[in-house]
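This briefing concerns selected helices, nonpolar cores and individual residues. The sequence and the structure are shown first, and the commentary follows.

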Amino acid sequence: MRHRITCVEGRLGSGKSSLLAEMARQAQASGFTVRTAAASAVESDLPFGVVDQLFPGKLDGFDLDGDLHGVLRHATQYLRALAVQHPVFLGVDNVDKADEESVRWLTFIHHRLADLSMSMVLTCGPVRSGLVNELVGPLERIRLGGLELAGCARMIGPAPDEYVAACREATGGNPYLLRELLAAQKPKTAEGIEAAASTVAISLVPRLAWCDDDVLAMAKAVALLEGITIPLAAAVAGLDLERGMAAAAKLAELGFVDEEPLAITYPIARKALLHSMTSPEREAAHGRAARFLHSRGENAGEHLLASAPLGEDWAIEALRDAARREQSPDRAARYLRRLLREPLHDSGLRAEVVGQLGLLETHLDPDAAFESLTKASGHITDPVEEAKLTLTLAYEIAERQDRGRAVAALDSAASAVTGIDPDLSHSLQLYAARLILEESCVDADLPPRFERLRAEPAMSAKNERFLTALLAFRDCLRGEDPGRSAALAKAAPPSLVEGAVGDIIDRATFTHIVITLMIADELDTALKLCDDAFAVTASRDVPVALAQVHSLRAHLYLRLGRLADAESDGRTALEIFDQLKLGRQRVVTLALTALCSTWAEMGDPERALELFASHRLDGAVPESRRFDRVLYHRGIARSRLGDHGGALLDLLECGKRLIKRGVVNPGGTAWRSHAAEEYLALGRPTDALRLAEEEVALARRWGRPRALGNALRVAGIAAQEQGAELLAESVEVLTDSPARLQLARSLLAWGAFLPPADRRPVYRRAHDLAKACGAIPIMTVAANELRAAGGRRSRQDSCSLTDQEMCVATMAVRGRTNREIAAELYVTQRAVEQHLTKVYRKLGIAGRAQLACALPGHWPGGEP
């Protein structure tokens, strides 16, 4: 055999890489010396990057940027020496993305080594540079297309003919898409193909993003609005027309779209792209579609009005937008009536449309719509009754993220009843201060408000308690005077708990007292208040109050390291809120964040992020204060999943918002230390140390063990060799505190600085703490460190489950298949089966069906 060169051509996913790998395997089996490389767009600026992959280490010492001819000659001589000894197979995947210097070398050897026993195979996409065309132009070509039904059947294996045909239809016979669809391990039915979209998205989205961010954005726009023009698709993707046309051309090259009107070629790819889009991302795209249609002229609304049923969200949004912009009230009303004829599944949207239509028809001022319509419906004329209603509505107005209007309404109502009912006036003023405080504890309006309220004569005991709770809460947010929180518990008589399930003021007071005690590490006292509140809610039908207490207790249990209890309370609260369809209100985010962080600590961060997504909290979140905690807890979940870049973005955005609000106490939200850990994971120790040292200073001022111990731990890790003293102090601070998980983490970090013989008891203690909490990830790390230090975990009896068995059993109880468990733990399915067999034997059960009932007795604190 003499020099032979072949080019394998095909679009994205056509199987070029697989064919190259098979050819390389066969060449190696035939006695060839095989050298392969894969070019990448991200390395296209690296001179001789592909050559360096083919001959690792052989270019060391050369000036790859300056000595072009020297490198060409040296690499060629080395290849000639190889080919003299044995025939050589060179394979280069994606040569169209290779660096220019490597392509020059490949062209160079193509023309000069014809006398050698060498075979070269290149894979290439349909669009190439002139230099690549020069290389592959005259070569023997293999062009790959989609598989026919017979090819799909061979790839799928035993399956009904209808399923094979449906897979061929969904993938167009594209081997890559078909492989990803099959990897989802879904039932071999039409419904199984639909369910596989999420698995396909995991691979497809990064592939398109690798081509270009504009390409991915354009693909999502086309998937969302099938059958559209390039200008509309570009607008929906947030691109100008020139960039949109370039992205559409690239998608056409990849085989993902045809000519206008644009539509995704492969049905499974469209479903995957839609699955990858978050709710906020879709909403933003629909809004851009609406604005684009409106910009096309005044007839946009009329065009939609005359169309068939709207169906798509973007068309509904376009008609709503047209109604908002319309100068003629009559035409706007027609648009809204058209919307009401549609099956609007979102009750909130229908209510909004009805409200807008009512305003148009009754000629009311839109800025005062909520209050005006409410007063009109009740025909309220008594100022005291109106003030009470205002207090009731203030929460709802604030939940609509319009606190300014809520505060103005409360102030107006307080002024109206000052001479009639001073106590009610105080309550209104206090509630207005609460709404301001929750958004910013450094608002310039707060100090004079609190001074006026302090100076008020004859304030009732209930309002005095509310004022004290607000002041203590403000101090907690600012990291000042932790001693004030101790007095709060004494200021909480039984009547407070009794009123917390019904009275607005007592409920607010109760919430602020519990949160303040929690930040101040007075967890047992806060837990007692919650338990007392449950005793009251048990005899009343107050689902929102009940769920709120569950939410607060879930956060308390999370801080205590009682993860099973935290999960139980968080789930109960969220089930109640979901039944009530409260959306993303403040009390809902309180439950959701507790549950998600609990799952992250238990080793299931993916489930936490899925929960955020199901509540439309997986993308950008509004500026309101309650969403700060979403960013914080979502950042923690992303960190546990290994998405350090995404976690850092969430945590830094949370910190930016909190600083703006004047919230600096790490006892409430330790965003700095968590962000510092992400900086460390990303290789930026200087930034990590800066944030950690800031948090240590703030935590010392606050003086509570949880915040200080956590900050010292991260600062010690960031300080590297100089961190031993900080870590030792962290352990000392946390030793007698209720923060068991934080102590376990500090012990793990401190142990690395100790002599080997001294590490074992430290790691054993960390392991036992984590196991008692149910924190599988910390427990696993501690077990590994203990094993490396030559120690063994403590065992209560010979029948107890090992860490690995507990981990596998817990994942099985949560519904993971053996395949999924094996993939997540990087072990074989056979290993998972062996672990489960041992678990069944130790627990005395027959199989997986009995596992959920048998496991709690072996799990500290209840269910896993």
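Helices, such as the one named α12, are DSSP runs of H or I with at least four residues, numbered from the N terminus. The model discussed here is predicted. Two of its helices, α12 (residues 230-237) and α23 (residues 422-439), are described first, followed by the nonpolar cores and one residue of helix α4 (residues 100-112).

**Helix α12**

- Because six of its eight residues are buried, helix α12 is largely enclosed by the rest of the structure.
- The buried positions of α12 are Ile230, Leu232, Ala233, Ala234, Val236 and Ala237.
- At the start of α12, the backbone nitrogen of Leu232 has a side-chain oxygen of Thr229 within 3.3 Å.
- The residue that follows α12 is Gly238, which has a positive phi, near 80 degrees.

**Helix α23 and Arg434**

- For the 18 residues of α23, a rise of 1.5 Å a residue predicts a span of 26 Å, and the end C-alpha atoms are indeed 26 Å apart, so the two values agree.
- Burial is also extensive in α23, where 15 of the 18 residues are buried.
- Arg434 is located in α23.
- With a relative accessible area of 6%, Arg434 counts as buried, because the cut-off for that class is under 20%.
- The side chain of Arg434 forms a polar contact of 3.0 Å with the side chain of His512.

**Nonpolar cores**

- The largest nonpolar core comprises 146 residues, and the members that touch the most others are Leu410, Leu428, Tyr431, Phe510, Val514, Leu556 and Leu851.
- Apart from that core lies another, of 55 residues, which includes Leu216, Ile228, Phe256 and Ala285.
- Leaving aside residues up to four places away in sequence, Leu428 touches Ala387, Leu391, Leu410, Ala413, Ala414 and Val417.

**Glu101 in helix α4**

- Glu101 belongs to helix α4.
- Its relative accessibility is 25%, so Glu101 counts as partly exposed, a class that lies between the cut-offs of 20% and 50%.
- Beyond residues up to four places away in sequence, Glu101 is in contact with Pro47, Phe48 and Leu68.
- Val51 is 50 residues from Glu101 in sequence, while the C-alpha atoms of the two are 8.8 Å apart in space.

Methods. Residues numbered from 1 in each chain as written. Predicted model: local features only at pLDDT ≥ 70, side-chain atom pairs only at ≥ 80, totals over all residues. Heavy atoms only, no water. Buried < 20%, exposed > 50% of the residue type's maximum accessible area, 1.4 Å probe, protein only. Polar contact = N/O pair within 3.5 Å; in protein donor to acceptor, adjacent residues only side chain to side chain. Expected span 1.5 Å × (residues − 1). Core = buried A, V, L, I, M, F, W, Y, C linked by side-chain atoms within 4.5 Å. Contact = heavy atoms within 4.5 Å.
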